[in-house]
Amino acid sequence: MAKLYFKYGAMGSSKTAQALITKYNYEENDLKVWLIKPSADVRDGADTLRSRIGLEARVEVIPPETDVFERFVREQEGSCDVIIVDECQFLTEAQIDQLRAIVDEHNIPVMCFGLRTDFQTKLFPGSRRLMEVADTIQEIKTICDCGAKATVNARIDGEGHIVTQGAQVVLGGNDSYIAMCHKCYVRGIREHKVIKLHGQNH
């Protein structure tokens, strides 16, 4: 029986790389992959999925108003063996339910990769729905600079301070976010610390 998988991790935990490696492994076994991502994520271009370590692939972009189940039936049924979703936290709750229906009604496995929580440690709507309906939930671990397990996606402003207010979705990578353990996150806010982002020299 096919399953709905949710593989989540903090920023920098190689989620996209793992999604692309999974795609490669399926295709190496002559299985057809439908690789999709929400339209909220356009950092690498409209139809490109790229990981920090240099892996990339063509991807189909799914706007929030798209019925994923209908698009699957119309364009992918009969020629798709697995669906891989990157940045799944940006999908709507309805779209997660549509993916769930594809698993249940068409016996196609769906593997969702993304963040669990935002910069305020609140669940994204898509991630919340996946926590509720996924068959398998797996954490992709990464570490804080202190060595502890990172669980928080801290948003950093231009002065290097942790941002605690603002829109839930502000796209960025190592230039805007850093994965931290909760203890360092709280201490950074309380002490108004300057946080050094990865890849920066100052």
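Helices (H or I, at least four residues) and strands (E, at least two) are DSSP runs, numbered from the N terminus. This is a predicted model: local features need pLDDT of at least 70, side-chain atom pairs count only at pLDDT 80 or more, and totals for chains, interfaces and linings use all residues. Residues are numbered from 1 along each chain as its sequence is written, and side-chain values use heavy atoms, without hydrogens and water.

**Exercise 1.** Describe the two ends of helix α2 (residues 68-76).

Solution.
- Start at the N-terminal end. Asp 67 caps α2 there. A side-chain oxygen of Asp 67 lies 3.0 Å from the backbone nitrogen of Phe 69. A polar contact is a pair of N or O atoms within 3.5 Å; within protein, one must be able to donate a hydrogen and the other to accept it, and residues adjacent in sequence count only if both atoms are side-chain atoms.
- Now go just past α2. Gly 78 has a positive phi of about 90°.

**Exercise 2.** Find the buried residues of α2 and what they pack against.

Solution.
- List them: Val 68, Phe 69, Arg 71, Phe 72 and Gln 76. Buried means under 20% relative accessible area, exposed over 50%, partly exposed in between (1.4 Å probe, protein chains only).
- Find their partners. The buried residues of α2 pack against β2 (33-38), β5 (60-62), β6 (82-86) and α3. Contact means heavy atoms within 4.5 Å.

**Exercise 3.** Place Asp 86 and name its neighbours.

Solution.
- Asp 86 belongs to strand β6.
- Asp 86 is buried, at a relative accessible area of 1%.
- Leaving out residues up to four places away in sequence, Asp 86 touches Lys 15, Thr 16, Ala 19, Ile 36, Lys 37, Pro 38, Leu 49 and Phe 113.
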